[in-house]
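I opened a fresh notebook page for this one. My plan was to go from the overall fold down to single side chains.

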Amino acid sequence: MCLIMTMIAAAVTGVIWFVQRKHGVASKSLFTLFLAFLSAALMWCVDGIASIAEGEPFFTISGEDAILGAIIIVLGFFVFGLLSVLERTRKNSK
């Protein structure tokens with residue numbers, strides 16, 4: 001479940017970043033968030049492949065897995081908020 005959630009989060013942040021980039025207003029903090037979600041999804045894909053090698057299913061749909069995915073997404077947006085504040089203070093100080 002955390003794989004599905006982080007893939008959706010990566011897709012959404014990626015689309016938002018690409019649209020902003022097309023309009024010339026893309027932020028580095030949003031790109032960092034996109035890369036974080038993409039790397040988390042890649043990590044869980046590798047974990048799923050290792051699960052298949054051990055004879056277990058690729059996807060784990062459980063409550064604990066959903067909670068883990070939600071925690072990762074919330075922490076990702078928290079880091080995004082911190083990076084956005086730092087990015088704005090750097091722009092204002094110049």
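**Notebook: from fold to side chains**

**Entry 1, partly exposed or buried.** I noted first that this is a predicted model. My first lookup was Phe18, which has a relative accessibility of 46% and so counts as partly exposed. I then checked Trp17, which is buried at a relative accessible area of 11%; the cut-off for buried is under 20%.

**Entry 2, the rings.** How are the rings of Trp17 and Phe18 placed towards each other? I found their centres 5.0 Å apart and their planes at 65°, so I wrote the pair down as edge-to-face, since planes over 60 degrees apart count that way. Next I looked at Phe77 and Phe80, an aromatic pair that is also edge-to-face, with 6.5 Å from centre to centre and 85° between the planes. Both residues sit in helix H3 (residues 63-93), three residues apart, so about one helical turn separates them. Phe77 is partly exposed at 42% relative accessibility, and Phe80 is partly exposed at 23%. I counted seven aromatic pairs in the structure. I also found one aromatic cluster made of Trp17, Phe18, Phe31 and Phe34.

**Entry 3, charges.** How many salt bridges are there? The count comes to one. The partners are the side chains of Glu87 and Lys91, at 3.8 Å from N to O; this qualifies because the cut-off is within 4 Å. Glu87 and Lys91 are four residues apart in helix H3, which again puts about one helical turn between them. Which end is buried and which is exposed? I have Glu87 as buried, with a relative accessible area of 16%, and Lys91 as exposed, at 60% relative accessibility.

**Entry 4, the whole chain.** I then stepped back to the fold. The protein chain has three helices and zero strands, and along the sequence it reads α-α-α. Its radius of gyration is 16 Å, well over the 12 Å that the globule rule gives for 94 residues, so I noted the chain as more spread out than a compact globule. The C-alpha trace spans about 55 × 25 × 15 Å along its principal axes.

**Entry 5, surface and contacts.** I wrote down that 27% of the 94 residues count as buried. The chain exposes about 6500 Å², with carbon and sulfur atoms supplying 72% of that area. Last, I looked at contacts between residues at least 6 apart in sequence: 75% of them join residues at least 24 apart.

Notes. Residues are numbered from 1 along each chain as its sequence is written. This is a predicted model: local features need pLDDT of at least 70, side-chain atom pairs count only at pLDDT 80 or more; totals for chains, interfaces and linings use all residues. Side-chain values use heavy atoms; hydrogens and water are left out. Rings of Phe, Tyr and Trp (its six-membered ring) pair if their centres lie within 6.5 Å; planes under 30 degrees apart count as stacked, over 60 as edge-to-face and the rest as tilted. Buried means under 20% relative accessible area, exposed over 50%, partly exposed in between (1.4 Å probe, protein chains only). Helices (H or I, at least four residues) and strands (E, at least two) are DSSP runs, numbered from the N terminus. The radius of gyration is taken over C-alpha atoms; the globule rule is 2.2 Å times the number of residues to the power 0.38. Contact means heavy atoms within 4.5 Å. Accessible areas come from the Shrake-Rupley method with a 1.4 Å probe; for residues, only the protein chains shown count as cover.
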